Amino acid sequence: MKGRASGILALLVVVSTITVACSSTSKHRVLSTFLDGVPDPAEAKTARLQELSEAAPDAVVDESSTDDLMAIGQIGIIPGVVAEADLAGTPPPFEALETWDAVLKALPVDDTGGVDWVAALSERLISPGDPFATAAPLAPPLTLNALGRLPTGDARRPILDLDIEMVQNEPFFNVQFPHSSHTQVLACNSCHPGFVNREVPMEDILGGEYCGKCHGRVSFEPETGCSRCHPNLGFPSEDVVVEQVARSRTDPIAPSLPELSQGKEVYDRMCAFCHGDTGDGNGRLAPELDPKPRDFTAGKYKFRTTLSTQLPLDSDIFRTITRGVPGTSMPPWGALSYEDRWALVHYVKSFSSKFDGAEVVEAIPMPDSPPIDDELLALGEEYFTSAGCNSCHGNEGGGDGPSAASLTDDWGQPLRPFNFASGRPIKGGSEPKDIYRTVMTG
């Protein structure tokens, strides 16, 4: 069982890290980080040339065109992007990419900002290598599991286009399990028999058990990708957020005893397992999460339209509940009713005495963005340096400035400057007005 689990893990590592976007040297370096016994590019090239020579003794093969083909027949390569019939042709554009960061930027992303590996499979940008694949002839009975052990790309290998809804104790967190993506890389007995008919605690998954044996190591981080499994936690479009927040400003629900009671009921079901029963950020899942859940008892809020010394507006808290925080374990709760989200706003505020009798504050003015042109960009570049943004975010915006490693938040947790070059959604919002608000409010 242990050997099989490690084999599955190795398989998923290959799926998640090998694309034709890497040169052979890059592939070897990346794979060697995760696996032992990765074939050397030069040895793989020699072996492949020998295979081609034996298969077609009279063919003339351009050896220079095989420099990046260590994957063929060993770790998977993308059929149709670099096909065996095209060995002497011009390498595809992906072949020019030399770094893993460049590879990630070339792959599709999902609404959490991470690589969408399912889309990459569907678009045939990656191809899994299967350590369980067998070249031995199949013998009856041809079970689904036996067929699932066929090499990737074999027309006889079944890909089950079947989504299963796994019902949870709290229906809001029902899980949608897509067989179509899993059966492209796994055999049936990778999961069956297993934990299908039992409830799997989320902390066990975050701790590397069950689904976490692979997810969390290679495919995606469960703590930041809630919507991948839980459809109700999908990120809403920016238009929906803008509309909902605008409504919250013109049609707020005033706090009252019923709202606080309703807010507690929703909070206990939806929020306490991360933020804790008392709002101190120490829920049962908190030890496995990075960054840590917000401590509401301190009355400190990162995403505001008010100045850094002021409390947030109710609509600011409503916006964060609705929109979520991409790149963290805070999912969007837009699927909750408008009333439930307002009830949460008032209940969350009750954790801190700072809101008791607090003076009324106003949002900062938000001017319209000027037209973007070369002059404006040059001015922005000048201010980026003169204001010291590069000391944390780096000269190229990669989050690697000289002060980056030493930053911590008010609770002593590491505070990582955002990598603007990553293309991922910014936590507080990626629209110009969102960035302006963050710069002005801190």
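The following exchange asks how certain labels for this predicted model were reached.

Reader: What is the basis of the values, and how are residues numbered?

Author: This is a predicted model in which local features need pLDDT of at least 70 and side-chain atom pairs count only at pLDDT 80 or more, while totals for chains, interfaces and linings use all residues. Residues are numbered from 1 along each chain as its sequence is written, and side-chain values use heavy atoms, with hydrogens and water left out.

Reader: How many helices and strands are there, and what makes a stretch count as one?

Author: The protein has 17 helices and 2 strands. Both are DSSP runs numbered from the N terminus: H or I with at least four residues for a helix, E with at least two for a strand.

Reader: Why is helix 11 called roughly perpendicular to helix 14?

Author: The axes of helix 11 (residues 257–270) and helix 14 (residues 338–349) cross at roughly 95 degrees and come within 7 Å. Axes are lines fitted to C-alpha atoms, for helices over the stretch in contact, and angles between N-to-C directions run from 0 to 180 degrees. Under 35 degrees counts as roughly parallel, over 145 as roughly antiparallel, 65 to 115 as roughly perpendicular, and the rest as oblique. The angle of roughly 95 degrees therefore makes helix 11 roughly perpendicular to helix 14.

Reader: What residues make that contact?

Author: With contact meaning heavy atoms within 4.5 Å, helix 11 contributes Glu259, Leu260, Gln262, Gly263, Lys264, Val266 and Tyr267. Helix 14 contributes residues including Glu339, Asp340, His346 and Tyr347.

Reader: Why is helix 13 called oblique to helix 14?

Author: Helix 13 (residues 314–323) packs on helix 14 at about 120 degrees, with the axes 9 Å apart. That angle falls in none of the named ranges, so helix 13 is oblique to helix 14. The contact is made by Asp314, Ile317, Phe318, Ile321 and Thr322 of helix 13 and by residues of helix 14 including Trp342, Leu344 and His346.

Reader: How do you know that helix 13 is mostly covered?

Author: Of its 10 residues, 9 are buried, where buried means under 20% relative accessible area, exposed over 50% and partly exposed in between (1.4 Å probe, protein chains only). Among the buried ones are Ser315, Phe318 and Arg323. The buried residues of helix 13 pack against helix 10 (238–250), helix 14 and helix 17 (432–441). Over the 442 residues of the protein, 42% count as buried.

Reader: Is His346 of helix 14 buried or exposed, and what does His346 contact?

Author: His346 has a relative accessible area of 5%, so His346 is buried. Leaving aside neighbours within four places in sequence, His346 is in contact with Ile253, Ala254, Pro255, Glu259, Leu260 and Asp314.

Reader: How many disulfides are there, and how do you know that Cys211 and Cys271 are too far for a bond?

Author: A search of the whole structure finds 0 disulfides, a disulfide being a pair of cysteine sulfur atoms within 2.5 Å. For the sulfur of Cys211, the closest cysteine sulfur is in Cys229 at 6.8 Å, so the pair is too far for a bond. For Cys271 the closest is in Cys274 at 8.5 Å, also too far.

Reader: What makes Cys211 partly exposed and Cys271 buried?

Author: Cys211 has 32% relative accessibility, so Cys211 counts as partly exposed. Cys271 has a relative accessible area of 12% and is therefore buried.
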